[in-house]
Amino acid sequence: MDVITEIIQNCIRGHRDSQSRLYQMYAPGMFVVCQRYARSREDAEDILQEGFIKVFRHISQFRFNGSFEGWMRRIMVNTALQKYRSQTHLHVISDGGDHSNDHFIDEEISMHIGMKELIALIQQLPTAYRVVFNLYVFEGMKHKEIALRMGITEGTSKSNLHDARQQLQKAILRSGEKAKLKVF
């Protein structure tokens, strides 16, 4: 039996020391996930805390076939989505236009900007844009699945992703201009 399996089984039995170990092992990575969905560090901390409560409450449902980290990540994402569904109505921000010619390539973001700065820029997006962007780019969901999960149309999902990308691209360019100005 490997270490993580043993820790999970001890968590199922309610051992506090194993819960603490599990939290320490996974909290940093899960915090990054929570930050992408949150508006602020404090919101991300709330999502993380609430997510871990759900992890420990439902850990006995983990079936050991698949990644535990992936299972936990889904809980964190769902916790973030529940938080924003209850706080604000995720409504259509934009639902027009053909977005098939998006020239913004997600992989190129990391070449121009650090991860912390990217997360900060993502946090500044309007809630609907931020959620759709995260689900599509980081969680790998298709627009159909996003639409079902968020209660919006596929067109709205595509439009919100397009607009989120445009806003991020402009913010990255502004960030780059500020960096150039500091150098000179």
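Helices here are DSSP runs of H or I at least four residues long, numbered from the N terminus. By that rule L135 lies in helix α7. The model is a predicted one, and α7 serves as the way into it.

Begin with the whole chain. Its secondary structure comes to nine helices and zero strands. Read along the sequence, the pattern is α-α-α-α-α-α-α-α-α. The chain has 184 residues, and 44% of them are buried. Its accessible surface is about 10800 Å². Carbon and sulfur atoms account for 51% of that area. Now take the contacts between residues at least 6 apart in sequence. Of these, 71% join residues at least 24 apart.

Turn to helix α7, residues 127-138. Its geometry can be checked by simple arithmetic. The helix has twelve residues, and at 1.5 Å a residue it should span 16 Å. The expected span uses one less than the number of residues. The end C-alpha atoms are 16 Å apart, so the model agrees with the expectation.

How enclosed is this helix? Nine of its twelve residues are buried, so α7 is largely enclosed by the rest of the structure. The cut-off for buried is under 20% relative accessible area. The residues that pass are T127, A128, Y129, R130, V131, V132, F133, N134 and L135.

L135 is a good place to look outward from α7. L135 is buried because its relative accessible area is 0%, under the 20% limit. Set aside its neighbours within four places in sequence. L135 is then in contact with Y37, V77, L81, G140, M141, I146 and M150. E145 is ten residues from L135 along the chain, and their C-alpha atoms are separated by 9.3 Å. One of the contact residues, G140, has a backbone feature of its own. G140 comes just after α7 and takes a positive phi of about 75°.

The end of α7 also brings in R36. R36 lies over the face of F138, at 3.9 Å from the ring centre. R36 has a charged partner as well. E139 forms a salt bridge with R36, with the closest N and O atoms 2.9 Å apart. This pair links distant parts of the chain, 103 residues apart. E139 sits in the loop between α7 and α8 (143-150), while R36 belongs to helix α2 (residues 16-37). The two ends differ in cover. R36 is buried, with a relative accessible area of 5%. E139 counts as partly exposed, at 22%. A third residue joins them: R36, R73 and E139 are linked in a network of salt bridges.

The structure holds four salt bridges. Two pairs in helix α3 (residues 41-58) show another arrangement. An α-helix has 3.6 residues a turn, so residues three or four places apart point the same way. E45 and R41 fit that spacing: they are four residues apart in α3, about one helical turn. Their salt bridge has its closest N and O atoms 3.3 Å apart. E45 counts as partly exposed at 37% relative accessibility. R41 is partly exposed too, with a relative accessible area of 49%.

K54 and E50 form the other α3 pair. They also lie four residues apart, about one turn of the helix. Their side chains meet in a salt bridge at 4.0 Å, N to O. The salt-bridge limit is within 4 Å. K54 is buried, with a relative accessible area of 18%. E50 counts as partly exposed, at 38%.

Last come the aromatic rings. The structure holds eight aromatic pairs. Ring pairs link Y26, F62, F64, F68 and W71 into a cluster. Which member of that cluster has a phi near 60°? The residue is F64, a positive value in a residue other than glycine. F64 is placed in the loop between α3 and α4 (68-87). At 36% relative accessibility, F64 counts as partly exposed.

Technical notes
Residues numbered from 1 in each chain as written. Predicted model: local features only at pLDDT ≥ 70, side-chain atom pairs only at ≥ 80, totals over all residues. Heavy atoms only, no water. Buried < 20%, exposed > 50% of the residue type's maximum accessible area, 1.4 Å probe, protein only. Phe/Tyr/Trp six-rings, centres within 6.5 Å; stacked < 30°, edge-to-face > 60°. Lys NZ or Arg CZ within 6 Å of the ring centre and 35° of its normal. Contact = heavy atoms within 4.5 Å. Areas by Shrake-Rupley, 256 points an atom, 1.4 Å probe, with all protein chains shown as cover.
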